[in-house]
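Reader: I am in my first year and I would like a close look at one part of this protein. Please take a pair of neighbouring helices and go through them slowly, with each term explained.

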Amino acid sequence: MENKDDEVKNAQVVEARARNISHNVRCTECGSQSIEDSQADIAILLRKLIRDEIRAGKNDKEIYKKLEEDYGETVLYAPKFDLQTAALWLSPLLVAGAAAGVWAYKKHRQKTNVHIMALDLVRGVPLTPKEKETMLDLLTPPPQGITPSSLWSRLRGR
């Protein structure tokens, strides 16, 4: 009886590991599905291969390595981080950094108006916040065309 319980536990462990690995492997025929979700012939064969490798005593890293060697790096959903994939991994950070830089520059330009700085020097006394706001309204040219902020203003006004 104990022997059957061990067999059932081993079968459950093999199944759980196989499903976990299968969720991280891309179907080479479908491309957008994991082999766990795909019903393509190659996906069925790969699932069988994974189960056979697990039963042979291989660990997950060895199985991933074998799949990568046999079918190429694109078979795995998470490519390695190396010089070839660095741009892919870092591009969201670069885009976000560039957007933040542009936004900060525009905010800085908006708050430091040369005319207001000149008035501060001529008067000898800094402008009050209300005077600065009035001057910015007078000196800032109207936006050209449709901008996201003008669309938002129109929507709020309705």
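Author: What follows goes through helices H2 and H3, with a short look at the whole chain before and a record entry after.

The model is a predicted one, in which local features need pLDDT of at least 70 and side-chain atom pairs count only at pLDDT 80 or more, while totals for chains, interfaces and linings use all residues. Residues are numbered from 1 along each chain as its sequence is written, and side-chain values use heavy atoms, with hydrogens and water left out.

The protein has seven helices and zero strands; here helices (H or I, at least four residues) and strands (E, at least two) are DSSP runs, numbered from the N terminus. Along the sequence the pattern is therefore written α-α-α-α-α-α-α. Of the 158 residues, 19% count as buried. Buried means under 20% relative accessible area, exposed means over 50%, and partly exposed is in between, with a 1.4 Å probe and protein chains only.

Helix H2 covers residues 41-55, which is 15 residues. The expected span of a helix is 1.5 Å times one less than its number of residues. For H2 that gives 21 Å, and its end C-alpha atoms are 21 Å apart, so the two agree. The buried residues of H2 are Ala-43, Leu-46, Arg-47, Ile-50, Arg-51, Glu-53 and Ile-54. Seen down the axis of H2, these fall within an arc of 160°, so they line one face of the helix; the arc is that of the directions from the helix axis to the C-beta atoms. On the other side of H2, Asp-41, Leu-45, Lys-48 and Arg-55 are exposed.

Arg-47, which lies in H2, deserves a separate note. Arg-47 is buried yet has no salt bridge. A salt bridge is a side-chain nitrogen of Lys or Arg within 4 Å of a carboxyl oxygen of Asp or Glu. The nearest side chain of opposite charge to Arg-47 is Glu-36, 5.1 Å away; Lys and Arg count as positive and Asp and Glu as negative, while His and the chain ends are not counted. A polar atom of the Arg-47 side chain does lie 2.8 Å from the backbone oxygen of Ser-38. That can be set against the definition of a polar contact: a pair of N or O atoms within 3.5 Å, where, within protein, one must be able to donate a hydrogen and the other to accept it, and residues adjacent in sequence count only if both atoms are side-chain atoms.

The structure holds eight salt bridges. One of them joins Asp-52 and Arg-55, with the closest N and O atoms 3.6 Å apart. Asp-52 and Arg-55 are three residues apart in H2, which means they are separated by about one helical turn. Asp-52 counts as partly exposed because its relative accessibility is 35%, and Arg-55 counts as exposed because its value is 57%. Another salt bridge joins Glu-53 and Lys-58, with the closest N and O atoms 3.0 Å apart. Glu-53 has 11% relative accessibility and so counts as buried, whereas Lys-58 is partly exposed, with a relative accessible area of 32%.

Just after H2, Gly-57 takes a positive phi of about 95°. Asn-59 then caps the N-terminal end of H3, with a side-chain oxygen 3.2 Å from the backbone nitrogen of Lys-61.

Helix H3 has twelve residues, 60-71, and reaches 16 Å from its first C-alpha to its last, close to the 16 Å expected at 1.5 Å a residue. Its buried residues are Ile-63, Tyr-64, Leu-67 and Glu-68. Down the axis of H3 these fall within an arc of 135°, so they line one face of the helix. Lys-61, Lys-65 and Glu-69 are exposed on the other side. After H3 comes Gly-72, whose phi is positive, near 95°.

H3 has a salt bridge of its own, in which the side chains of Asp-70 and Lys-66 meet at 3.2 Å, N to O. Both residues lie in H3, four residues apart, about one turn of the helix. Asp-70 is partly exposed at 45% relative accessibility, and Lys-66 is partly exposed at 26%. Elsewhere, salt bridges that share partners join Glu-15, Arg-19, Glu-36 and Arg-51 into one network.

Last, the record: UniProt, in an unreviewed entry, places the feature "transmembrane region" at residues 86-105. UniProt positions are given in the numbering used here, feature names are shortened, and annotations may be inferred rather than shown by experiment. In the model, residues 86-105 are 100% helix and 0% strand, and the end C-alpha atoms lie 28 Å apart.
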